[in-house]
Amino acid sequence: MRHFLTLTACLIGISTTSAQSETSIQLADIGLERRIAVLQSDGETHAFEIGMLQTLHAVEKTLQTRYEYGLGDRLVDLPVLRLQFGGMSHPQPKTADPDTLSKIFSTFVTDLRKAQTSLTSGATNRPHAFELTLQDLWFDIDNNGQRAAEESAASILAPVILGQRAMRDPDTAALLEAPIAIRFDAADHDWLLAYTHLLSGFGNAFLAFDPTPVIQDLADQSAILTNAPKIAYVY
C-alpha cells in the first residue's frame, strides 16, 4: 500500500494492449475519466476513490497536453512534469504558444481542487476503503480512449521510482508483470488530501513566476532575427 503512495509522490518530479469493452465499466477497460463518471453515480459512497482517481486524472491531463503539443520528455526537469513517455510521439503536434506551460499548470491546479472537494465531502468523514490494482491503471496519453502498452501506469511510473538500473533487472520486470493490488484506507485518505495540497503548491509556485512574458519576448526577438535583412559579405 505504501509503495503505491510512493509512486504517486514521485509524480512531481506493463500490461499488454487491451481492447475496450462496450459493456465493461472497469478502470482497466474504460480509463480514468470514464471510471470517475461511473463512480459519481454514487458519489457519497465512493468519494474517497473518486478523489484518488481525480488526482491521477489531473496528472493524465498534463501528459495529454504535452503529447498534443509534442513536448514529450523535454519538460522532465520541471516539477509535476517529470514523467516520461518516450515510446509515444504525436505525428502532427500543435505549435506551443508562450502560455502553454502556464495553462498546463493552471489546469492542473484547478483539477486538484476538484479532487480536494471530493476528498473533503461529508462522506469522507468516514472514508470507504477500496482496492486498486496497479496494472489496471493507465494514462490515456493520446486521448483516443484506447489503451496502448506505452500508456500503462506501471511502465510510466516505474523508471522514475525505481531507476533505470532496477528496470534492467529481470526480477523487477517480473514483479511489475504480476498484479499488484493495493488497499486504500482512512490513513491513505488523509495522506492523499495533504499531498494534493503539496502538488497544488508546486503548481501555484510555477504560476507565481509565470514565464509567459519571457517566452513571448524570446519568440518576438526570434521573429525579428528571422526577418532581419541579410548583408552581403564584402571580401
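A residue is called buried when its relative accessible area is under 20%. Gly72 has a relative accessible area of 16%, and it is therefore buried. I begin with this residue and this cut-off, as burial will return several times in this talk. Please bear in mind throughout that the model is a predicted one.

Where is Gly72? It sits in the loop that joins α3 and α4. Apart from neighbours within four places in sequence, Gly72 contacts Arg66 and Phe85. Its C-alpha atom is 8.0 Å from that of Met88, a residue 16 places away in sequence.

Let me now step back to the chain as a whole. The protein chain has 235 residues, of which 41% are buried. It contains 9 helices and 2 strands. In sequence order the elements run α-α-α-α-β-α-α-α-β-α-α.

I turn next to the packing of the helices. In general, two packed helices are described by the angle between their axes and the distance between the axes. I shall take three pairs, and α3 takes part in each of them.

The first pair is α2, residues 27–39, with α3, residues 47–68. Their axes come within 9 Å and cross at roughly 120°. The two helices are therefore oblique to each other, and their crossing is left-handed. On the α2 side, the contact is made by Leu27, Leu32, Glu33, Arg35, Ile36 and Leu39. On the α3 side, the residues are Glu49, Ile50, Leu53, Gln54, Leu56, His57 and Glu60. Sorted by class, this contact has 7 nonpolar, 2 polar and 4 charged residues.

The second pair is α3 with α4. What is the angle between α3 and α4, and how far apart are their axes? The angle is about 170°, and the axes are 7 Å apart. An angle over 145 degrees counts as roughly antiparallel, so α3 is roughly antiparallel to α4. The residues of this contact comprise 11 nonpolar, 7 polar and 4 charged.

The third pair is α3 with α8. Here the angle is about 35°, with 11 Å between the axes. The crossing of α3 and α8 is left-handed. From α3, the contact takes Phe48, Gly51, Met52 and Thr55, and from α8 it takes Asp188, His189, Leu192 and Thr196. By class, these residues are 3 nonpolar, 4 polar and 1 charged.

One member of that last contact deserves a closer view, namely Thr196 of helix α8. Is Thr196 buried or exposed? Its relative accessibility is 0%, and Thr196 therefore counts as buried. Beyond its neighbours within four places in sequence, Thr196 is in contact with Thr55, Leu112, Gln116 and Leu119. Thr55 belongs to the α3 side of the contact just described. The C-alpha atoms of Thr196 and Ala115 are 7.7 Å apart, although 81 residues separate the two in sequence.

Leu193 also lies in helix α8. With neighbours within four places in sequence set aside, Leu193 contacts Gln116, Leu119 and Thr120. Gln116 and Leu119 were also named among the contacts of Thr196. Between the C-alpha atoms of Leu193 and Gly51 there are 8.5 Å, and along the chain these residues are 142 apart.

These helices also meet in the nonpolar core. The largest nonpolar core has 43 residues. Those with the most contacts inside it are Leu32, Leu53, Leu56, Phe108, Phe139, Ile141 and Phe184. Leu32, Leu53 and Leu56 have already appeared in the contact of α2 with α3. Which elements give two or more residues to this core? They are α2, α3, α4 (100–119), β1 (130–133), α5 (153–162), β2 (181–184) and α8 (186–208). The largest share, 9 residues, comes from α3.

Finally, I should like to draw attention to one residue with a particular backbone angle. Most residues other than glycine have a negative phi. Asn143, by contrast, has a positive phi, near 55°. Asn143 is found in the loop between β1 and α5. Its relative accessibility is 51%, so Asn143 counts as exposed.

To close, I return to the two loop residues of this talk. Gly72, in the loop between α3 and α4, is buried, whereas Asn143, in the loop between β1 and α5, is exposed. Thank you for your attention.

Key: Residues numbered from 1 in each chain as written. Predicted model: local features only at pLDDT ≥ 70, side-chain atom pairs only at ≥ 80, totals over all residues. Heavy atoms only, no water. Axes fitted to C-alpha atoms, helices over the stretch in contact; angles between N-to-C directions. Helix = DSSP H or I, 4+ residues; strand = E, 2+ residues; numbered from the N terminus. Parallel < 35°, antiparallel > 145°, perpendicular 65-115°, else oblique. Left-handed = near helix turned anticlockwise from the far one by under 90°. Contact = heavy atoms within 4.5 Å. Nonpolar A, V, L, I, M, F, W, Y, C, P; charged D, E, K, R; others polar. Core = buried A, V, L, I, M, F, W, Y, C linked by side-chain atoms within 4.5 Å. Buried < 20%, exposed > 50% of the residue type's maximum accessible area, 1.4 Å probe, protein only.
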